[in-house]
Amino acid sequence: MKNLLITGGSGYVGSRLICQLLQETNLKIINYDISLFGDGHLPKDEKFIYVKQDITNPKSFEKAIRENKIDIVLHLACISNDPTYELNSELSKKINFECFEDLVKISKKNNVKKFIYASTCSVYGISDSPNVYETNELKPITDYNKYKALCEPILKKYLDSNFVGIIIRPATVCGFSEKMRFDLTVNILTNFAYNKGYIRVFGGKQSRPNLHIDDMCDLYKTLILSDVTKFNGEIFNVGTENLKIIEVAEKVKNIVENFKLRQNIEIRVEESADIRSYMINSDKIKRMLNFTFKKTVDNAIEDLCKAFENKTIVDSF
């Protein structure tokens, strides 16, 4: 049995991933998270250990690594969007960047064999290219983007044949999770359409790549369970449909209207200061890892509608 430590496992993607790993694998899973947004949703399982600690505390992180004899670290923990980052920029910088090198050094020193870092596609900032590749210039336009990008070379600096690292740049994730986020494009538009009967679109012409949460989890499972030694230090874009925000809104409108038999969902377009716009190409991960994306934005919208209908999601505002 291998021992996996996930930082930020109480969050949107981590919660979904942990539930799937417990069902599908024999891994011992340690969730290392201060759980700023709650932990009542976390599973109870003999293969699951919850360490409620702060990643900016290197002593507690090293204790968790040593005591649990960790083989693999999946680093998800961060303040994970621009508005939240700006609420307390100094604290956000500490969480997203300043503690990162300590996490890597402690992991390597204590015989962790594999370190997977979740960066973000937003490091590309603004691009008119229909295909932004991993080799494209990074143009982060916010502190959140900038510090996510600056962690990437730090990890690469420590990699060797005994300490393997993979960096992924995920698109905007969407769909149902045991710990929902409603600050993400598809999720927030679906929430408004289903529960308010209208959609607010800020801007609308910006292009963004999207990624179903189950595909995100499938990729993490692949990276965790596979031997990725020959891909040591590689960076991978991870996303499927590149869509303008207004195109996402149209999808949401059509699916929710059909789902609720409602024909009058209004799309309200408002001005936006958010100018990020980019379209990624994810051929590299499909080619090198033989990874297949299985789900779509439509699937994510449908999943959310079913969760609202079944009252699986309550108090979404």
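Start by selecting D183, which is partly exposed, with a relative accessible area of 36%. Before going on, keep in mind that what you have open is a predicted model. Now show the side chain of R181 as well: D183 and R181 form a salt bridge, and their closest N and O atoms sit 2.7 Å apart.

**More salt bridges**

That pair belongs to a bigger set, as the structure holds 21 salt bridges. Next, pick D39 and K52. Here the closest N and O atoms are 3.3 Å apart, and the two residues form a salt bridge. This pair links distant parts of the chain: D39 is in the loop between β2 and β3, while K52 is in the loop between β3 and α2 (58-67), 13 residues apart. How accessible is D39? Its relative accessible area is 26%, so D39 counts as partly exposed. K52 is partly exposed too, at 46% relative accessibility.

Jump to E266 and R268 for another one. Their salt bridge has its closest N and O atoms 3.2 Å apart. E266 has a relative accessible area of 41%, which makes it partly exposed, and R268, at 35%, is also partly exposed.

Now select four residues together: R16, E178, D214 and K295. What links R16, E178, D214 and K295? A network of salt bridges does.

**A nonpolar patch**

Go back to the loop between β2 (28-32) and β3 (48-51), and click on I34, which is found there. Add L36 and F37 to the selection and switch on the surface. Together, I34, L36 and F37 make a nonpolar surface patch of about 350 Å². I34 has a relative accessible area of 37%, so this residue is partly exposed.

**A pocket**

Keep the surface on and select K2, I72, K113, K114 and S226. You are looking into the second largest pocket, since these are the closest to its centre of the 13 residues that line it. The volume of the second largest pocket is about 200 Å³. What kinds of residue make up the lining of the second largest pocket? The lining divides into six nonpolar, two polar and five charged residues. If you wonder how such a space is found, rolling a probe the size of a water molecule over the atoms shows where empty space is left.

**Two distances to try**

Switch to the C-alpha trace and pick L243, in strand β11 (residues 242-244). Is L243 buried or exposed? L243 is buried, because its relative accessible area is 11%, under the 20% cut-off. Draw a line from there to Y278: L243 and Y278 are 35 residues apart in sequence, and their C-alpha atoms are 9.5 Å apart in space.

For the other line, take P153, which is found in helix α6 (residues 143-158). P153 is partly exposed, at 47% relative accessibility. Run the line to Q53, 100 residues away along the chain, and the C-alpha atoms turn out to be separated by 26 Å.

**Two backbone stops**

Finish with the backbone. Most residues other than glycine have a negative phi. Now select N290, in the loop between α10 (283-288) and α11 (297-309). Phi of N290 is near 55 degrees, a positive value in a residue other than glycine. N290 is exposed, with a relative accessible area of 67%.

Your last stop is D315, in the segment after α11. Phi of D315 is near 55 degrees, again positive in a residue other than glycine. D315 is exposed, with a relative accessible area of 73%.

Note on methods:
Residues are numbered from 1 along each chain as its sequence is written. This is a predicted model: local features need pLDDT of at least 70, side-chain atom pairs count only at pLDDT 80 or more; totals for chains, interfaces and linings use all residues. Side-chain values use heavy atoms; hydrogens and water are left out. On a 1 Å grid over the protein atoms alone, a cavity is a set of points where a 1.4 Å probe fits but cannot get out, and a pocket is an open set with protein on both sides within 12 Å along at least five of seven lines; lining residues have an atom within 4 Å of a point. Grid points are joined across faces, edges and corners, and a volume is the space filled by probe spheres set on the points. Ala, Val, Leu, Ile, Met, Phe, Trp, Tyr, Cys and Pro count as nonpolar, Asp, Glu, Lys and Arg as charged, and the others, Gly among them, as polar. Patches are made of residues with over 30% relative accessible area and no salt bridge: like charges are joined within 9 Å, nonpolar side chains (Val, Leu, Ile, Met, Phe, Trp, Tyr) within 5 Å. Accessible areas come from the Shrake-Rupley method with a 1.4 Å probe; for residues, only the protein chains shown count as cover. Helices (H or I, at least four residues) and strands (E, at least two) are DSSP runs, numbered from the N terminus. Buried means under 20% relative accessible area, exposed over 50%, partly exposed in between (1.4 Å probe, protein chains only).
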